[in-house]
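Please look through the structure below with two topics in mind: the pockets that open into the protein, and the course of one of its helices.

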Amino acid sequence: MSYVDPNLRRELFGWYSHRLGMDMPIVRYGHWGPAMLLFPTAGGDFLEAERMGLIQAVAHHLFAGRFQLFSINSINPWAWMNPGIPLHEKARNQALYSDYVEQEVVPHVRRCLGNDHARIGAAGASFGAFHAANAFFRRPDLFELLLGLGGFYDLQPEFLHGYWSDEVYFNNPVSYVPNLPEGPNMDLLRHHSRIHLVTSRGAWENPGYSEHLSHLLHQRGIPHNLDIWGHDMPHDWPTWYRQLDHYVAERLGY
């Protein structure tokens with residue numbers, strides 16, 4: 001069953017990641033424009049966005065060459081969403097996943113763009129926003145845009161239950177963002193990046209997560225946009241359709 005317009009360029013690719021010890025697929029939508037890397041929600045996979053209608057919601061932008069989307073699998077089934085895995089192993093797998101994104105996915109996207117130095121966008125909804133923010137703040141030399149939709153940015157207390165390690169610290173944005181060192185990456189964050197934290201006051205949403213990250217960014221002098229939508233916008237896919245469509249059309253400069 002096809003969930004996207006058959007005329008839309010859709011390319012499936014993937015490889016065996018020796019870092020993760022598993023095959024990792026990736027799908028590309030669109031043919032032209034800046035690249036955005038999309039992370040799935042808590043239990044989603046690389047094709048979740050098309051099954052849930054998100055790709056169709058922004059297909060007109062993809063056809064127009066405003067941007068192109070690359071979607072990958074999450075590490076969550078082998079980490080935070082798997083109760084059968086010890087916390088230290090979850091943290092290690094998260095750290096390996098970050099290396100996979102930085103050392104394998106970004107080079108692949110750059111090859112597709114024909115630009116070995118391109119900085120790309122990172123986006124996601126819900127748990128996907130956490131992974132997008134982690135990728136973005138860890139490596140602003142690789143990512144120039146963050147679009148977090150209905151996200152949270154702290155693994156404590158729901159997922160860590162008091163566990164702590166360097167692997168957790170360096171993959172938990174609210175932990176390391178306050179301590180980011182001054183230097184080239186901070187200059188990129190302050191002067192050459194775009195950060196959009198988009199949330200709502202609707203059902204199942206918690207805007208406090210985005211407000212807290214916004215507060216930390218203010219403390220570090222990092223410009224960003226905190227955008228809280230109304231009570232009629234639940235933490236659900238129809239909200240994310242509208243938010244992604246609006247931001248591509250009006251706010252991202254694509």
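In this predicted model, the largest pocket has a volume of about 290 Å³. Its lining is made up of 18 residues, and those that lie nearest the centre of the pocket are Phe152, Asp154, Glu158, Phe159 and Tyr209. When the lining of this largest pocket is sorted by the character of its residues, eight are nonpolar, seven are polar and three are charged. Such spaces can be found in a simple way, since rolling a probe the size of a water molecule over the atoms shows where empty space is left.

The second largest pocket has a volume of about 190 Å³, and the residues that line it include Phe137, Arg138, Tyr169, Phe170, Asn185, Met186 and Leu189. Two helices, α5 (127-138) and α8 (184-191), each supply at least two residues of this lining, and α8 gives the most, with three residues. Here the lining divides into nine nonpolar residues, two polar ones and one charged one.

Turning from the pockets to a helix, one may ask how far apart the end C-alpha atoms of α4 (residues 87-113) are. At 1.5 Å a residue, the 27 residues of this helix should span 39 Å, and the end C-alpha atoms are 37 Å apart, which agrees with that expectation. Along its course α4 also bends, by about 30°, at valine 101. Just after α4 comes glycine 114, which takes a positive phi of about 70°.

How values were computed
Residues are numbered from 1 along each chain as its sequence is written. This is a predicted model: local features need pLDDT of at least 70, side-chain atom pairs count only at pLDDT 80 or more; totals for chains, interfaces and linings use all residues. Side-chain values use heavy atoms; hydrogens and water are left out. On a 1 Å grid over the protein atoms alone, a cavity is a set of points where a 1.4 Å probe fits but cannot get out, and a pocket is an open set with protein on both sides within 12 Å along at least five of seven lines; lining residues have an atom within 4 Å of a point. Grid points are joined across faces, edges and corners, and a volume is the space filled by probe spheres set on the points. Ala, Val, Leu, Ile, Met, Phe, Trp, Tyr, Cys and Pro count as nonpolar, Asp, Glu, Lys and Arg as charged, and the others, Gly among them, as polar. Helices (H or I, at least four residues) and strands (E, at least two) are DSSP runs, numbered from the N terminus. The expected span of a helix is 1.5 Å times one less than its number of residues. The bend at a residue is the angle between axes fitted to the seven residues ending there and the seven starting there.
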